[in-house]
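Let's take a walk through this one, contact by contact. Keep the viewer open and follow along.

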2 protein chains.
Amino acid sequence: MPGKALTPDQLLHVAERFKALAEPSRLDILQALKAGERNVGEILEKTGLGQANASKHLRVLHAAGFVERRKEGVSTYYRLADNDVFKLCELMCGRLEKEAHTRKKLFA
Amino acid sequence: MPGKALTPDQLLHVAERFKALAEPSRLDILQALKAGERNVGEILEKTGLGQANASKHLRVLHAAGFVERRKEGVSTYYRLADNDVFKLCELMCGRLEKEAHTRKKLFA
DNA sequence: TGTATATATGACTATATGGTTATTAAGTCT
DNA sequence: AGACTTAATAACCATATAGTCATATATACA
């Protein structure tokens, strides 16, 4: 039975995780990490985000468990914790495509 | 190749969908709809949300395509648009369980 | 030690949004 | 028509947060 109701506390935790993915900048960062590990400077370059801003986004992603990090000298290297992120995004993208398709049919 | 980079516009849309799920109250509403179609009054009773508040949450969920609605007389009945929501939530819950497990090991 | 570099953090502003109360709109009933 | 019910909307407040600037921390290097 894949359907036990979640407690308010669990709902809060799940919502928190979704919130980490509910920001275009953070999704962009995750995309930048898809090819592999990158340090903050490389992430800035790839995404065009400001340094402080990106640092905060990375903290959120790390707190939510989507990225892991590793210090090397003065740099911090971030990488995806796993590929759940893309499973989630692909599901969402699938929905968007389906929507687009429906909209197209409406206008046809 | 399941890995085309998303455009900023697409990132925005995906983030918007995640944002719809990034609120405990909305997840609670979705849970309440898991058993089947319900009108707003029933949703209020099940979730304990205020009427205006729930109405706004329902609008967000509808705009994001997670629920569909049907008017019957003076009532509005809402239902889940599909079960993607639960695929998404189960993925997140799986992550939480894994985290909990890791934490437990740390304290062991 | 002093300087440069990379990242994190704190302070601040502007905006978005969750929750509440009051009101509106639409349907039902007598 | 008038009273009642259900849901949506508007106005409002309080809080959260994305973005930016300035500063702190930490490592490397001369």
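Which residues does B:Phe18 touch, once residues up to four places away in sequence are not counted? This is a predicted model, and in it B:Phe18 touches A:Phe18, A:Leu21, A:Ala22, A:Leu27, A:Leu88, A:Cys89 and A:Met92. B:Phe18 also shows up when you look at the largest nonpolar core, which has 60 residues: A:Phe18, A:Phe66, B:Phe18 and B:Phe66 are the ones that touch the most other members.

Now zoom out from that side chain to the helices around it. B:Phe18 is one of the residues that H1(B) brings to its meeting with H2(A), alongside B:Leu11, B:Leu12, B:Val14 and B:Ala15. From the other side, H2(A) supplies A:Pro24, A:Leu27, A:Asp28 and A:Gln31. Sorted by class, the residues of this contact come out as 7 nonpolar, 1 polar and 1 charged. As for the geometry, H2(A) covers residues 24–34 of chain A and H1(B) covers residues 8–20 of chain B; their axes come within 8 Å and cross at roughly 115°. Angles of 65 to 115 degrees count as roughly perpendicular, so that's the label for H2(A) and H1(B). The crossing itself is right-handed.

H2(A) has another partner to look at, this time inside chain A. It packs with H4(A), residues 51–63, at an angle of about 80°, and the axes are 10 Å apart. That again makes the two helices roughly perpendicular. On the H2(A) side the contact uses A:Ser25, A:Arg26, A:Ile29 and A:Leu30, while H4(A) offers A:Ala54, A:His57, A:Leu58, A:Val60 and A:Leu61. The class tally here is 6 nonpolar, 2 polar and 1 charged.

Hop over to chain B and find helix H2 there, residues 24–34. What does it do with H3(B), residues 40–47? The two pack at an angle of about 115°, with axes 10 Å apart, and are therefore roughly perpendicular to each other. H2(B) passes H3(B) in a right-handed crossing. Here B:Asp28, B:Ile29, B:Ala32 and B:Leu33 of H2(B) meet B:Ile43, B:Lys46 and B:Thr47 of H3(B). By class, that contact has 4 nonpolar, 1 polar and 2 charged residues.

Stay on H2(B) and pick out B:Leu30. Is B:Leu30 buried or exposed? Its relative accessible area is 1%, so it counts as buried. Skipping residues up to four places away in sequence, it touches B:Leu21, B:Leu61, B:Phe66, B:Val67, B:Leu80, B:Val85 and B:Phe86. If you'd like a distance to check, B:Leu30 and B:Thr47 sit 17 residues apart in sequence and 10.0 Å apart in space, C-alpha to C-alpha.

B:Gln31 lies in H2(B) as well. With a relative accessible area of 18%, B:Gln31 is buried, because the cut-off for buried is under 20%. B:Gln31 reaches across to chain A, touching A:Lys4, A:Ala5, A:Leu6 and A:Leu11.

Last stop: a loop. A:Asp82 is found between strand S3 (75–80) and helix H5 (84–107) of chain A. At 24% relative accessibility, A:Asp82 counts as partly exposed. Leaving aside neighbours within four places in sequence, A:Asp82 is in contact with B:Arg95 and B:Lys98. Within its own chain, A:Asp82 and A:Ala63 are 19 residues apart, and their C-alpha atoms are separated by 14 Å.

Definitions and conventions: Residues are numbered from 1 along each chain as its sequence is written. Chains are lettered from A and ligands numbered from 1 in the order in which they are written. This is a predicted model: local features need pLDDT of at least 70, side-chain atom pairs count only at pLDDT 80 or more; totals for chains, interfaces and linings use all residues. Side-chain values use heavy atoms; hydrogens and water are left out. Axes are lines fitted to C-alpha atoms, for helices over the stretch in contact, and angles run from 0 to 180 degrees between N-to-C directions. Helices (H or I, at least four residues) and strands (E, at least two) are DSSP runs, numbered from the N terminus. Angles under 35 degrees count as roughly parallel, over 145 as roughly antiparallel, 65 to 115 as roughly perpendicular and the rest as oblique. A crossing is left-handed if the near helix is turned anticlockwise from the far one by less than a right angle, and right-handed if clockwise. Contact means heavy atoms within 4.5 Å. Ala, Val, Leu, Ile, Met, Phe, Trp, Tyr, Cys and Pro count as nonpolar, Asp, Glu, Lys and Arg as charged, and the others, Gly among them, as polar. A nonpolar core is a set of buried Ala, Val, Leu, Ile, Met, Phe, Trp, Tyr and Cys residues joined through side-chain atoms within 4.5 Å. Buried means under 20% relative accessible area, exposed over 50%, partly exposed in between (1.4 Å probe, protein chains only).
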